[in-house]
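Q: I would like a close look at one single residue of this model, with its surroundings described first and the chain as a whole afterwards. Please take the part step by step and keep the account connected.

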Amino acid sequence: MSRVAAFPRHRRHTYYFLEKARENAPVLLDTDVDMSAIREQREHAKRDGLNTSYISYIIKVISAVLVKYPQANASVKPSFIPTIMQYDRVVAKFTLDKSYGNQAMVLSALVNDSDKKSIAEIQQDIDHYKSADYEESEAFATVRKLNGFPFWLGRRLYGFVLNKLAKRQQIQGSFTVTSLGHSRVNGFFPISSTTLAFGVGAINDSAVVVNGEVVIRPMLRLNMVFDHRVIDGAMAAAILSDVSAGIEHYGE
């Protein structure tokens, strides 16, 4: 039987986020990336006793590229006279699948100064949030508090804080990486309130042509969404090309 219910309290932050993200002017780009170099790096790390995720390497590469394009490390505040703030730090945001009781939910967390951190340090940050429990951990105390407010108040508070450009980076980061690579999703374009957001799908062994020969390589469809209010298409294409090259030549 059909029924109507109140929007789940534990997912209110997602509702507020999506509502705010509608201010962006998203344009979508994608490319195929050979993950052989990073797969090899992960094997080296594993032999040294360090378990690393593909996301750690992707965050590392994007952070290094963003340093080259400071114009993209910025946010716009729409108004009668719009303003834009360019940030002096690189902060990566990544998403996490969590559960609340028997219900699924999505949370996000940050890697501060991700351009200055090693793979081990980025992985340590990710592992910290992956192991944190939504209902008990201090790591998610702020989002629990937000979700505890009445709907109208939580929505207004979220919008009020995100309108402060300096505060926005502390919450949303410089860019977002979100992955569905654990499933049979080849690619997707995430909704984002940051200027750059990357959707990471599954890595599949695929036939590609290298130096005139057909070879099998682990390929990733890397999707990027950019806010056209902040940067133009040429710069966005250069950023995605540099990220792709950084991944394919990682460690060289």
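A: Asn-147 counts as buried because its relative accessibility is 1%, and the cut-off for buried is under 20%. The model is a predicted one, and in it this residue belongs to helix α5, which runs over residues 141-148. The side chain of Asn-147 is engaged in a polar contact with the side chain of Tyr-134, at 3.1 Å. Tyr-134 also appears among the residues that Asn-147 touches once those up to four places away in sequence are set aside, and the others in that list are Arg-9, His-10, Arg-12 and His-13.

Turning from this residue to the chain around it, helix α5 is one of eight helices, which are accompanied by eight strands. Of the 252 residues, 42% count as buried, and Asn-147 is one that does. Among contacts between residues at least 6 apart in sequence, 61% join residues that are at least 24 apart.

As for overall dimensions, the chain has a radius of gyration of 19 Å, which agrees with the value near 18 Å that a compact globule of 252 residues would have, while the C-alpha trace spans about 60 × 45 × 40 Å along its principal axes. The accessible surface comes to about 13700 Å², and 52% of that surface belongs to carbon and sulfur atoms. The chain carries 30 positive and 26 negative side chains, with the centres of the two sets lying 10 Å apart.

Note on methods:
Residues numbered from 1 in each chain as written. Predicted model: local features only at pLDDT ≥ 70, side-chain atom pairs only at ≥ 80, totals over all residues. Heavy atoms only, no water. Helix = DSSP H or I, 4+ residues; strand = E, 2+ residues; numbered from the N terminus. Rg over C-alpha atoms; globule rule 2.2 N^0.38 Å. Buried < 20%, exposed > 50% of the residue type's maximum accessible area, 1.4 Å probe, protein only. Contact = heavy atoms within 4.5 Å. Areas by Shrake-Rupley, 256 points an atom, 1.4 Å probe, with all protein chains shown as cover. Lys, Arg positive; Asp, Glu negative; His and termini not counted. Charge placed at Lys NZ, Arg CZ, Asp CG, Glu CD. Polar contact = N/O pair within 3.5 Å; in protein donor to acceptor, adjacent residues only side chain to side chain.
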